Amino acid sequence: MINVKSSREIELMKEACKITGEVLNLLGESIKPGITTLELDAIAEKFIRKHNATPSFKGYADYPNALCASVNNQVIHGIPGNRVLKDGDIISCDIGACYKGYNGDAARTFAVGEISEKAQKLIDVTRESFFKGLEFCKEGFRVSDISHAIQIHAESFGYGVVRDYIGHGVGAELHESPEVPNFGRPGRGPRLVSGMTLAIEPMINECDYRVKCLPDGWTVETLDGCLSAHYENTVLITNGEPEVLTLV
Ligand code: MF3
Ligand code: CO
């Protein structure tokens with residue numbers, strides 16, 4: 001069942017998403033060669049708690065931290081640790097904040113110092129593919145219209161669209177219906193209606209789309225060792241243009 005949010009719920013979603021977007025901005029300012037992923041996790045958690053929210057991921061399915069920090073060939077769910085970021089790395093930061101029972105969910109891939117042109121291109125196209133999907137985030141379109149738009153854009157650059165992990169509804173639960181894949185034929189799945197809140201999150205690999213999960217049970221890497229990027233926002237469907245709640 002898809003939860004269509006009431007106006008009260010939407011107000012709480014907006015606050016949760018504002019905090020989530022602001023954390024990502026803060027992480028973007030904090031990322032530099034020499035910092036560890038665990039230090040970034042601490043920065044994020046402190047900011048979230050200072051704003052009367054809690055980290056949505058910490059404790060979710062026993063995930064140990066506030067932040068998912070995935071470096072280079074890591075796709076998603078990288079567990080923060082003592083890894084020191086170095087010049088030329090890229091890092092995908094995925095974070096959620098829960099405010100008065102409602103969750104924001106968003107991710108960005110950041111450059112560490114100076115990165116290669118090909119890494120920057122991957123980051124740019126991943127972000128663009130989200131906005132291609134966003135064009136279909138309107139009443140009357142169906143979920144897979146979003147999926148298809150994302151896939152077409154990313155694959156036109158020869159990139160691989162991750163299939164094993166997908167976007168989702170978000171609200172009182174971090175993961176709600178519907179599922180929002182980043183690939184697929186258009187015209188399928190539930191019809192979009194005003195009041196739905198969706199986490200749309202293309203995960204795009206530089207080469208092959210296939211991924212593997214490490215023995216830690218969380219960290220997902222590209223199978224072939226190529227780079228991967230992630231871009232996610234929580235989006236509110238309205239009877240007009242969509243609102244990207246985590247872009248602040
Ligand atoms: N944004 C990710 C997702 O939607 C983060 C979940 S990490 C977890 O799945 F730890 F909370 F599982
Ligand atoms: Co998500």
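**A cobalt site, two cores and a strand pairing**

Let me begin with the strands, where β9 and β14 run antiparallel and are joined by four bridges. I should say straight away that what we are looking at is a predicted model, so please hear everything that follows as a description of that model.

Staying with this pairing, I200 has N233 as its bridge partner in β14. Strand β14 covers residues 233–236, and from it N233 and V235 point one way while T234 and L236 point the other way, with all of these residues buried. On to the next neighbour of this strand: β14 is also joined to β15, residues 243–244, by two bridges, and these two strands again run antiparallel. Here L236 has E243 in β15 as its bridge partner, and β14 and β15 together form a hairpin with six residues between them.

Now to the metal. Which residues coordinate the cobalt ion, ligand 2? They are D105 through OD, H168 through NE2, and E201 and E232, each through OE, at 2.2 to 2.3 Å. Along the sequence, these donor residues follow the spacing D-x62-H-x32-E-x30-E. Within that set, the pair H168 and E201 links distant parts of the chain, since H168 lies in strand β7, residues 167–169, and E201 lies in the loop between β9 (197–200) and β10 (203–205), 33 residues apart. Both H168 and E201 are buried.

Why is the arrangement around the cobalt ion, ligand 2, irregular? It is irregular because the six donor atoms subtend angles of 63 to 165°. For reference, ideal angles for six octahedral donors are 90 or 180 degrees.

Let me turn finally to the nonpolar interior. As background, nonpolar side chains in soluble globular proteins tend to be buried together. In this model the largest nonpolar core has 34 residues, and L27 and I91 are the ones with the most contacts inside it. At least two residues of this core come from each of α1 (7–30), α2 (37–50), β2 (67–71), β4 (90–99) and β5 (102–111), and the largest share, nine residues, comes from α1.

To give a sense of the surroundings of I91, and leaving aside residues up to four places away in sequence, I91 touches residues including I31, T37, L40, A69, V71, L85, F110 and V112. There is also a second, separate core of 15 residues, with F130, L134, I146 and M196 among them.

How values were computed:
Residues are numbered from 1 along each chain as its sequence is written. Chains are lettered from A and ligands numbered from 1 in the order in which they are written. This is a predicted model: local features need pLDDT of at least 70, side-chain atom pairs count only at pLDDT 80 or more; totals for chains, interfaces and linings use all residues. Side-chain values use heavy atoms; hydrogens and water are left out. Donors are N, O and S atoms within 2.8 Å of the metal (3.2 Å for Na, K and Ca); water is not among the atoms, so sites may look incomplete. Four donors count as tetrahedral if all angles lie between 85 and 135 degrees; four count as square planar and six as octahedral if opposite donors are over 155 degrees apart and all others between 65 and 115; anything else is irregular. Buried means under 20% relative accessible area, exposed over 50%, partly exposed in between (1.4 Å probe, protein chains only). A nonpolar core is a set of buried Ala, Val, Leu, Ile, Met, Phe, Trp, Tyr and Cys residues joined through side-chain atoms within 4.5 Å. Contact means heavy atoms within 4.5 Å. Two strands pair if DSSP finds at least two bridges between them.
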